[in-house]
Amino acid sequence: MNPEEILDRQIENYVHHRMDADERMAFEKSLRTDPELKKQVSDLVTLKSIYSKELFELMKLLNSTEDKLTDENFFDEGRDSQ
């Protein structure tokens, strides 16, 4: 694994809270002194937020669709084939 891949993994682990306390403290120290690292972390946090919102909206749509299909007895066994 090259240094860029290692850094990407560290950023991902930091954003997803998969670092122990010592790793987190060391990473946050780097964040305070490295503007590019801070930007990369910020960008990933923004993407994570956008995707979380999109996923939530998709889940609502899927649940609504499932409810409509259930109301129409779409999932009932023995329904007529068309």
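## A walk through a three-helix chain

Let us start with one pair of side chains: arginine 24 forms a salt bridge with glutamate 28, and their closest N and O atoms are 3.6 Å apart. A salt bridge here is a side-chain nitrogen of Lys or Arg within 4 Å of a carboxyl oxygen of Asp or Glu. The two partners are four residues apart in helix α2, so about one helical turn separates them. Arginine 24 is partly exposed, with a relative accessible area of 22%, and glutamate 28 is partly exposed too, at 26%. In these descriptions, buried means under 20% relative accessible area, exposed means over 50%, and partly exposed is in between (1.4 Å probe, protein chains only).

Before going further, a word on what you are looking at. This is a predicted model, in which local features need pLDDT of at least 70 and side-chain atom pairs count only at pLDDT 80 or more, while totals for chains, interfaces and linings use all residues. Residues are numbered from 1 along each chain as its sequence is written, and side-chain values use heavy atoms, with hydrogens and water left out. The score called pLDDT is the predictor's confidence in each residue, from 0 to 100. Its mean over the chain is 90, and 94% of the residues reach 70 or more. Among the elements of the chain, α2, home of our opening pair, has the highest mean pLDDT (96), and α3 has the lowest (91).

Now step back to the whole chain. It has three helices and zero strands, so named because helices (H or I, at least four residues) and strands (E, at least two) are DSSP runs, numbered from the N terminus. Read along the sequence, the pattern is α-α-α. The radius of gyration is 22 Å, well over the 12 Å that the globule rule gives for 82 residues, so the chain is more spread out than a compact globule. That radius is taken over C-alpha atoms, and the globule rule is 2.2 Å times the number of residues to the power 0.38. Along its principal axes, the C-alpha trace spans about 65 × 25 × 25 Å.

How much of the chain is buried? Buried residues make up 10% of the 82 residues. The accessible surface comes to about 7,200 Å², and 53% of it belongs to carbon and sulfur atoms; accessible areas come from the Shrake-Rupley method with a 1.4 Å probe, and for residues only the protein chains shown count as cover. As for contacts (heavy atoms within 4.5 Å), residues 24 or more positions apart account for 38% of those with a separation of 6 or more.

With the overall picture in place, follow the chain from its beginning. Between α1 (3–15) and α2 (21–33) runs a loop that holds histidine 17. This residue has a positive phi of about 55° although it is not a glycine, and it is exposed, with a relative accessible area of 56%. The side chain of arginine 18 meets that of glutamate 12 in a salt bridge (3.1 Å, N to O). Arginine 18 counts as partly exposed at 46% relative accessibility, and glutamate 12 is partly exposed at 40%.

Next comes helix α3, which covers residues 35–71. Here the side chains of lysine 39 and aspartate 43 meet in a salt bridge (2.8 Å, N to O). Being four residues apart in α3, these two are separated by about one helical turn. Lysine 39 is partly exposed, with a relative accessible area of 46%, and aspartate 43 is partly exposed at 37%. The structure holds four salt bridges.

Serine 42 is also found in α3, and it is partly exposed at 40%. From serine 42 we can look back to glutamate 28: the two are 14 residues apart in sequence and 13 Å apart in space, C-alpha to C-alpha.

Further along, Leu55, Leu58, Met59, Leu61 and Leu62 make a nonpolar surface patch of about 490 Å². Patches are made of residues with over 30% relative accessible area and no salt bridge, with like charges joined within 9 Å and nonpolar side chains (Val, Leu, Ile, Met, Phe, Trp, Tyr) within 5 Å. One of the patch members, leucine 61, sits in α3 and is exposed, with a relative accessible area of 53%.

Our walk ends in the segment after α3, where asparagine 73 lies. Asparagine 73 has a positive phi of about 60° although it is not a glycine, and it is partly exposed, with a relative accessible area of 42%.
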